[in-house]
Amino acid sequence: MASAHLGLLASQLSALQSYDNGTGFAFIDGHSLDVPSVIAVSRKNHVPKLDDSDATKERISAAVDVVQSLALEVQSQYGVTTGFGGSATTRTKRTALLQKALLASIQCGILPDFRSSKGEKVLTPEEYSLLLPQDWIRGTMFVRLNSIIRAQSGTRWIIIENLHKLIQENVAPCAPLRQSISASGDLGPLAYISSILTGNPDIFAWHGEGEDRKIYDSATLLEKLNLEPIDLIAKEGLALVNGTAASAAVSALAIHDCHILALASQVLGAYAVEAIKGSQEPFQPFLHELSRPHKGQIEVATNIRYILKSSKLARVQHEESDPEGQLRQDTYCVRGTPQWIGPSLEDLLLAQEQIDIELNSTTDNPVVDIDSNYIHHGANFMAMSITSASEKMRLALHHMAKLTYTQLTELLNNHMNKGLPPNLSVNEPSLDYCMKASDIAAASYLSEIAYLANPVSTHVISAEMHNQAINSLALISVRYTMDAVKLVRMIMSTHLYALVQATDLRAMEFTFRHSLFEALRSETVAHFGHVASITTDDEAFFRGLTHPLVVLLNATTWEDSHSRFEGVFRKLSGYIFKQLKRKLYAKKDITLSSVEGWQETMSTRAQEAFVHTKDAYIPSAESKGYELLGRTKALYRFVRGELGVQLHWGDPEKDKTEIGTEIAKIFRAFENGSIAPVLLDVVGKQL
């Protein structure tokens, strides 16, 4: 069965790669926008090409002619010779002035004071928080251009040309973060963008590169760009602001981020199975095809099964004889990832469909029809599909985060993690609390994500003279979705840090137990071989010791090593008595002093092996931990190698950075997208 979600993400990342290396170009023609092109223009400063063919220009000119002709007739035309919204009862023939009045009324959002009496203005963090991010603004201009080039808005070619010039010159108009209810489109952001074209001296924009990037008033900016201010004619102001460009652009960024996090949820879910020594059995695709053949569920199961096949930590299936297999099946958060995440993949694919349609739609009211020489009235600017898509995204993000948190807390819990120390401490548990506070931080992230998962659309209130009694709140909704994306990156970064820490602890455990079991055989033969004719290769005899030893080791990771090993071998002495008594050919009684001697020796050997293993371990991109993993080894290598994330030793002499500093390295890899190709590699996809 095809992997629909994985295939979609791979195609998006491949398209982005083509934009980066110059082999691909975004194209503004009214029909060709997609999520990768919006990301490239928004985040990568890619300059899209403009369809400036004669045919396109002729259609644009024809639409303008329709508007100008209708403006002269007796029959009123909304937004051309009437007022706007609930004020459409007014009439005027001063069509150009009407457009200025529209922009003036919309430019009511709260922004920083960009004018400085003491040289260049430097914005404070509080002032930045009032602004739409610059990448969102670039995306908004791109999407709006794609709509008005469809020749259904009634704007002149010079508007399209100059707006494209702003993108070419990496101009980012300063628009308020809060103002839009996405009813008659995203009026606020689009009004501020539009007024850059008119040269309004009280509207500002970013321009320049690197340290030379500054904020200019639009009049000064147009001079720098050698552009003349544009006097808007009939309907042009309305055509520029009546659209869902802001919410559509930001939703395109959000859905791509969600796709990456959805893949990360599957990869980290598989990694958690390894770290907790879970079973591969629940991820057999045929099991899901037989019982509940949902496409998303089968895709997740297939991906996880593929990741785990070569793992030395994840068990193929439950074995009753396994001393670590007392729990017959893994907990829900370990074995239930396909059922939990699968439906979210399907929701994200539907959200993607909704966004793709919105990116290439006419979102104006009224709509110019050059074939009938008429202007049609409707409500295409109502971005409810974006609201619907963003609410699906937030709910999916919550489910990913919830799964991540439950896996993380199980990994940190020494009563559930099959032999790892509490909080994944490398040093003595009485002095090293490693991931304890990270657990608390993750809980805070999840709590906020859960709050954000609530729908925004249930909070609609009537606005604008009751004309906008229903409105989509799309931009608000997608803003919250972007907040949720950031928080899910935080919780997943914390989880991945813990998984890599756990991997190195498993490697130390592997080496330590190998040394300990060898010592167990040699010391047992040395102490009792003459009594019971034991040899080091007596598998049946030593199985009766190694199995309870594993159980005892797993149950005591919360203790400091010295007292731990004393207690472990004190309890194991009962098993040595039992095993020796079972040797029918034992010729002598076993003395208490001989068992006590064995117990003391083994406790010492265990302590020495434990300390030596820790001291000798060198975490690196391809350490012993790397060798134990299945396909997640690519992620381990990326974190330990490329990102340089350090193991937390719990020793001030060794730990030169704080845990948060290391987790932040992973967070930045999510933010800049560098982790995405690694995640694809884990599931066998190459760009």
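In this predicted model, Pro173 sits opposite Ala205 of strand E4. That pair belongs to the match between E3 and E4 (residues 204–207), two strands that run antiparallel and are joined by 2 bridges. Zooming out, E3 and E4 are part of an open sheet of 3 strands, ordered E3-E4-E5 and paired in antiparallel fashion. The edges are taken by strand E3 (172–173) and strand E5 (214–217); each has a single partner strand, so one side of each goes without a neighbour in the sheet. As background, strands of a sheet pair through backbone hydrogen bonds, and the pairing can be parallel or antiparallel.

Strand E3 turns up again when the open spaces are considered. The largest pocket has a volume of about 980 Å³. It is lined by 40 residues, and the ones closest to its centre are Arg43, Asp135, Asp257, Arg489 and Glu671. Quite a list of elements gives two or more residues to this lining: helix H1 (4–20), helix H2 (35–44), helix H6 (134–148), E3, H11, helix H18 (474–532), helix H24 (659–672) and helix H25 (676–682). H18 provides the largest share, 7 residues. Sorted by class, the lining of the largest pocket comes out at 23 nonpolar, 6 polar and 11 charged residues.

Next comes the second largest pocket, with about 580 Å³ of space. Gly85, Ser184, Leu187, Glu464 and Gln468 are the closest to its centre among the 28 residues that line it. Here the elements giving two or more residues are helix H4 (95–106) and helix H8 (187–198), and H4 has the largest share with 3 residues. The class breakdown for the second largest pocket reads 14 nonpolar, 13 polar and 1 charged.

Two of the residues closest to the centre of that pocket, Ser184 and Leu187, also show up around Asn242. This asparagine lies in the loop between helix H10 (236–241) and helix H11 (245–275). Is Asn242 buried or exposed? With a relative accessible area of 1%, Asn242 counts as buried, because that value falls under the 20% cut-off. Setting aside neighbours within four places in sequence, Asn242 is in contact with Arg144, Ser184, Gly185, Leu187, Thr363, Asp364, Asn365 and Phe381.

Closed spaces are present too. The count comes to 4 cavities of 30 Å³ or more. About 290 Å³ of space lies in the largest cavity. Its lining is made up of 21 residues, with Gly419, Pro421, Leu505, Arg564 and Phe610 nearest the centre. At least two lining residues each are supplied by H18, helix H20 (561–581) and helix H21 (592–616). H18 has the largest share of this lining, at 5 residues, as with the largest pocket, where H18 also has the largest share. The lining of the largest cavity splits into 9 nonpolar, 6 polar and 6 charged residues.

The second largest cavity has a volume of about 40 Å³. Lining it are Val143, Arg144, Ser147, Thr244, Ala245, Glu358, Leu359, Ser361 and Thr363. Arg144 and Thr363 are familiar from the Asn242 story, being among the contacts of that residue. H6 and helix H15 (337–359) each supply at least two residues of the lining, and H6 gives the most, with 3 residues. By class, the residues lining the second largest cavity are 3 nonpolar, 4 polar and 2 charged.

That leaves the cysteines. How many disulfides does a search of the whole structure find? The search comes back with 0. For Cys434, the reason is a matter of distance: the closest cysteine sulfur, in Cys333, is 19 Å from the sulfur of Cys434, which is too far for a bond, given that a disulfide calls for sulfur atoms within 2.5 Å. Cys434 is buried, with a relative accessible area of 9%. Cys258 is buried as well, at a relative accessible area of 0%.

Key:
Residues numbered from 1 in each chain as written. Predicted model: local features only at pLDDT ≥ 70, side-chain atom pairs only at ≥ 80, totals over all residues. Heavy atoms only, no water. Helix = DSSP H or I, 4+ residues; strand = E, 2+ residues; numbered from the N terminus. Buried < 20%, exposed > 50% of the residue type's maximum accessible area, 1.4 Å probe, protein only. Contact = heavy atoms within 4.5 Å. Pairing = 2+ DSSP bridges. 1 Å grid on protein atoms, 1.4 Å probe; cavity = no way out; pocket = protein on both sides within 12 Å on 5 of 7 lines; lining within 4 Å. Points joined across faces, edges and corners; volume = space filled by probe spheres on them. Nonpolar A, V, L, I, M, F, W, Y, C, P; charged D, E, K, R; others polar.
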